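Me: I'm new to reading protein models and would love some help with this one. Could you take a close look at one part with me, the nonpolar core?

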Amino acid sequence: MHIDSFPTGPFDTNVYIIYLEQSRDAIIIDPGFNSFSRILEIIKNKSLKPQAIWLTHSHWDHVSDVAPLKKELSIPIYIHGEDKQNLIEPGSDKLPMLVPLFEKATPDHIIKDYEILNLGNLEFKVIHTPGHSPGSVCFYNEKENTLISGDTIFKGAIGSLSLPTGEPKRMWPSLEKLAKLPAETKVYPGHGPSTVLENEKWILDAKNHQKESFPTHISMEDS
């Protein structure tokens, strides 16, 4: 398994392309604002075969280029049901937008907690982690000790809970779920550098704290 990543848009949102060496099958995760051309360039240069677009959540900085990619590549969109409406009706989540309204898209597959998604012979478990948004999810591959965490956790921080989609009371059980994963799990977040779960032991105390106790990544309300 190979992971290509690059930041895009005003919040340096991490776009991920995960692919297999032999088959060249690939999935695209969170194609944010202004990522379209770069994604197509990577696909062409590495002779990849895109199979699907997986979304960790539906905030505009993670989904702005979903619709054009779906049209260009003819691949399905996977998203949790609690976040699908913002794809269908862009801007319905009431988040402030720093870019033009993105094009609407229709999800093809509604993912559920602990569902298994496949990339070739690799299995990724969907972990529903509401808090930053109701339909936030992480994608976990046990074989490679890899977690694509979206905006649930970052290196030393959690996703903002002060946005219109934020649900602090749901975040703490989500963090407890992630705290149960193996300590050596590599974490690839929606913004910023990767980390290892054993370096984020603060999430073990999530249930004993209020949201003010945890640092959060840059909020759209701060801009």
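Before we go inside, how much accessible surface does the chain have, and what percentage of that surface belongs to carbon and sulfur atoms? After that, please walk me through the largest nonpolar core.

Reply: Happy to! Keep in mind that this is a predicted model. The accessible surface of the chain comes to about 9800 Å², and 47% of that area belongs to carbon and sulfur atoms.

Now let's step inside. Of the 223 residues in the chain, 52% are buried. In soluble globular proteins, nonpolar side chains tend to be buried together. Here, the largest nonpolar core has 27 residues, and the members that touch the most others are I39, L48, I53, L55, V66 and L87. Several elements each give two or more residues to this core: the strands β2 (13-19), β3 (25-29) and β5 (77-80), along with the helices α1 (36-45), α2 (60-63) and α3 (66-73).

I53 is a good residue to zoom in on. Leaving out residues up to four places away in sequence, I53 touches I28, P31, V66, L69, K70, I75, P76, I77 and Y78. You can match some of these partners to the elements above: I28 falls within β3 (25-29), V66, L69 and K70 fall within α3 (66-73), and I77 and Y78 fall within β5 (77-80). Apart from this core lies another one, made of 18 residues, including W54, L119, L122 and V137.

Being buried is not just for nonpolar residues, as H191 shows. H191 sits in the loop between β13 (186-189) and β14 (195-196). Its relative accessibility is 4%, so H191 counts as buried, since the cut-off for buried is under 20%. The side chain of H191 makes a polar contact of 3.3 Å with the side chain of D61, and D61 lies within α2 (60-63), one of the elements that contribute to the largest core.

Let's zoom back out. The chain has five helices and 14 strands. Among contacts with a separation of 6 or more, 64% link residues 24 or more positions apart. The radius of gyration is 16 Å, which agrees with the value near 17 Å for a compact globule of 223 residues.

How far can you trust the picture? The mean pLDDT is 92, and 91% of the residues reach 70 or more. Over residues 219-223, however, the pLDDT is below 50, although this stretch has 17 contacts in the model beyond near neighbours in sequence. Where pLDDT is low, the predicted coordinates should not be read in detail.

Conventions: Residues numbered from 1 in each chain as written. Predicted model: local features only at pLDDT ≥ 70, side-chain atom pairs only at ≥ 80, totals over all residues. Heavy atoms only, no water. Core = buried A, V, L, I, M, F, W, Y, C linked by side-chain atoms within 4.5 Å. Buried < 20%, exposed > 50% of the residue type's maximum accessible area, 1.4 Å probe, protein only. Helix = DSSP H or I, 4+ residues; strand = E, 2+ residues; numbered from the N terminus. Contact = heavy atoms within 4.5 Å. Polar contact = N/O pair within 3.5 Å; in protein donor to acceptor, adjacent residues only side chain to side chain. Rg over C-alpha atoms; globule rule 2.2 N^0.38 Å. Areas by Shrake-Rupley, 256 points an atom, 1.4 Å probe, with all protein chains shown as cover. pLDDT = per-residue confidence, 0-100.
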